[in-house]
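Colleague: Got a minute to walk me through this one? I'd like to go sheet by sheet, then look at the odd spots.

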Amino acid sequence: MKNDKLKNQYRINEQIRVREVRIVGDNGSTVVPIRDALNMARDEGVDLVEISPNANPPVCRLIDYSKFLYQQKKRQKEMKAKQVKVEVKEIRFGPQTDEHDYQFKLKHAKEFLEEGNKVRAYVFFRGRSILFKEQGEVLLLRFANDLEEVGKVESMPSLEGKKMFIYLAPKKAGEKKKSQQARDREAAEAEAKEAKKAQTQPKEEIDAETPANGGLFANAKISADALKKLTETEE
C-alpha cells in the first residue's frame, strides 16, 4: 500500500502530457519538448520522471524509476528518524511525600528527561491539605533543583485548583550544568584540600606566601588612608 501510494505521486514517461519539460541533472538544467525528453530517456535506458509538476515548465529527471522510488523512500525514513516525538510525562506528589517515594519519582523523572520527554510534576492537595500549599511549593522547587543537570524549568510552581504544577523540559546536548549539590560537594572538597595543605605546609612557606603589611585587607586600608590624606591636602 505504501509503495503504491508513493508510485502514484509521480508521473513517468508517456503519462507526462505537456508540450515541454525542464530536465535537471548533475550538469544543470535544460528545457526541451516532451518528445525530445522521451527520446533522451529511451536512448539512456532510463525513465523520464516528473518531480515538480507545478513548475512552469514541469521539472523532470532522467533516472531509473525503481531507483528513484528507493531514494525517495530512504529520504522519508531519514526525515522521520529526525523527528523526535516529545511526550509529556506526569509525576504526582502528595504534600507530605516521604523521602523514599520522592527519590523513586525523581529517578523516573530523570529518565524521562534524558529520553527527551517533558515532565509535568504536581502536588495534589486533598481536602484540608491545601493548607500545606507552601510545603508543596518547596517540594516542587527541590524537585526542579535535583533535576538541574538534565532538565530546565519552563514555568515556576503555580496553583491550579487543587493541584500545584511545575513544568520541566529536557536540556539540549552541551547545555548540562552542575547541580547545586555537585557544586557544594566540589567546594567542600576544595576546602578540605586547602585545609590539608595548610596542615602539612612548612611555616616558612606559609610566611613567604603571606603578603607583607597584613595581607590584601591591610594594603587596601593603607591605600584608602593615603587617598584620604591626599584629598585633605588638596582641599
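Colleague: What is the strand order in the open sheet with strand 5, and how is the pairing described?
Modeller: This is a predicted model, to say that up front. The order is 5-6-8-7. It is an open sheet of four strands, and the pairing is mixed.

Colleague: Which are the edge strands there?
Modeller: Strand 5 (88-93) and strand 7. Each pairs on one side only.

Colleague: And how much twist from one strand to the next?
Modeller: In this sheet the twist averages 20° from one strand to the next.

Colleague: Which strands of that sheet does helix 4 touch?
Modeller: Helix 4 packs on the sheet and touches strand 5, strand 6, strand 7 and strand 8. Its direction makes about 170° with that of strand 5.

Colleague: What about helix 5, which strands does it lie across?
Modeller: Helix 5 lies across strand 5, strand 6, strand 7 and strand 8. It runs at about 10° to strand 8.

Colleague: How do helix 4 and helix 5 pack, in angle and axis distance?
Modeller: Helix 4 covers residues 99-114 and helix 5 covers residues 133-146. They pack at an angle of about 45°, and their axes are 11 Å apart. Oblique is the term for angles of 35 to 65 or 115 to 145 degrees, so helix 4 and helix 5 are oblique to each other.

Colleague: Right-handed or left-handed crossing?
Modeller: The crossing of helix 4 and helix 5 is right-handed.

Colleague: Which residues meet there?
Modeller: From helix 4, Glu 99, Tyr 102, Gln 103, Lys 105, Leu 106 and Ala 109. From helix 5, Leu 139, Arg 142, Phe 143 and Asp 146. The residues of this contact divide into five nonpolar, one polar and four charged.

Colleague: Back to the strands. How many bridges join strand 6 to strand 8?
Modeller: Six bridges, and the two run antiparallel. Strand 6 is residues 118-124. For a register point, take Ala 121: its bridge partner in strand 8 is Ile 166.

Colleague: Is strand 8 mostly covered or mostly open?
Modeller: Mostly covered. Strand 8 spans residues 163-170, and six of its eight residues are buried.

Colleague: How many bridges between strand 7 and strand 8?
Modeller: Seven, in the antiparallel sense. Strand 7 and strand 8 also form a hairpin, with two residues between them. Gly 161 sits in the turn and has a positive phi of about 70°.

Colleague: Which residues of strand 8 stand opposite Ser 158 and Leu 159?
Modeller: Ser 158 stands opposite Phe 165. Leu 159 stands opposite Met 164.

Colleague: Stay on Leu 159. Buried, exposed or in between?
Modeller: In between: Leu 159 has a relative accessible area of 40%, so it is partly exposed. The band for that runs from 20% to 50%. Leu 159 lies in strand 7, residues 151-160.

Colleague: What is Leu 159 in contact with, leaving aside neighbours within four places in sequence?
Modeller: Phe 125, Ile 130, Lys 133 and Met 164. As for Val 123, it is 36 residues from Leu 159 in sequence and 9.1 Å away in space, C-alpha to C-alpha.

Colleague: Switching to the sheet with strand 1. What is its order?
Modeller: The order is 2-1-4-3, four strands in an open sheet with mixed pairing. The edge strands are strand 2 (28-33) and strand 3 (47-52). Neighbouring strands are turned by 40° against each other on average, direction ignored.

Colleague: How do strand 1 and strand 2 pair up?
Modeller: Strand 1 is residues 20-25, and six bridges join it to strand 2. They run antiparallel. Arg 22 has Val 31 in strand 2 as its bridge partner.

Colleague: Which strands does helix 2 lie across?
Modeller: Helix 2, residues 34-44, lies across strand 1, strand 2, strand 3 and strand 4 (59-63). It runs at about 120° to strand 2.

Colleague: Now the odd spots. Which residues does the cis peptide bond join?
Modeller: Asn 56 and Pro 57, with omega about 0°. Pro 57 is in the loop between strand 3 and strand 4. Most peptide bonds are trans.

Colleague: What is phi at Asn 13?
Modeller: Near 50°, a positive value in a residue other than glycine. Asn 13 is in the loop between helix 1 (2-7) and strand 1.

Colleague: Buried or exposed?
Modeller: Buried: the relative accessibility of Asn 13 is 16%, and the cut-off is under 20%.

Terms used. Residues are numbered from 1 along each chain as its sequence is written. This is a predicted model: local features need pLDDT of at least 70, side-chain atom pairs count only at pLDDT 80 or more; totals for chains, interfaces and linings use all residues. Side-chain values use heavy atoms; hydrogens and water are left out. Axes are lines fitted to C-alpha atoms, for helices over the stretch in contact, and angles run from 0 to 180 degrees between N-to-C directions. A crossing is left-handed if the near helix is turned anticlockwise from the far one by less than a right angle, and right-handed if clockwise. Contact means heavy atoms within 4.5 Å. Ala, Val, Leu, Ile, Met, Phe, Trp, Tyr, Cys and Pro count as nonpolar, Asp, Glu, Lys and Arg as charged, and the others, Gly among them, as polar. Two strands pair if DSSP finds at least two bridges between them. Buried means under 20% relative accessible area, exposed over 50%, partly exposed in between (1.4 Å probe, protein chains only).
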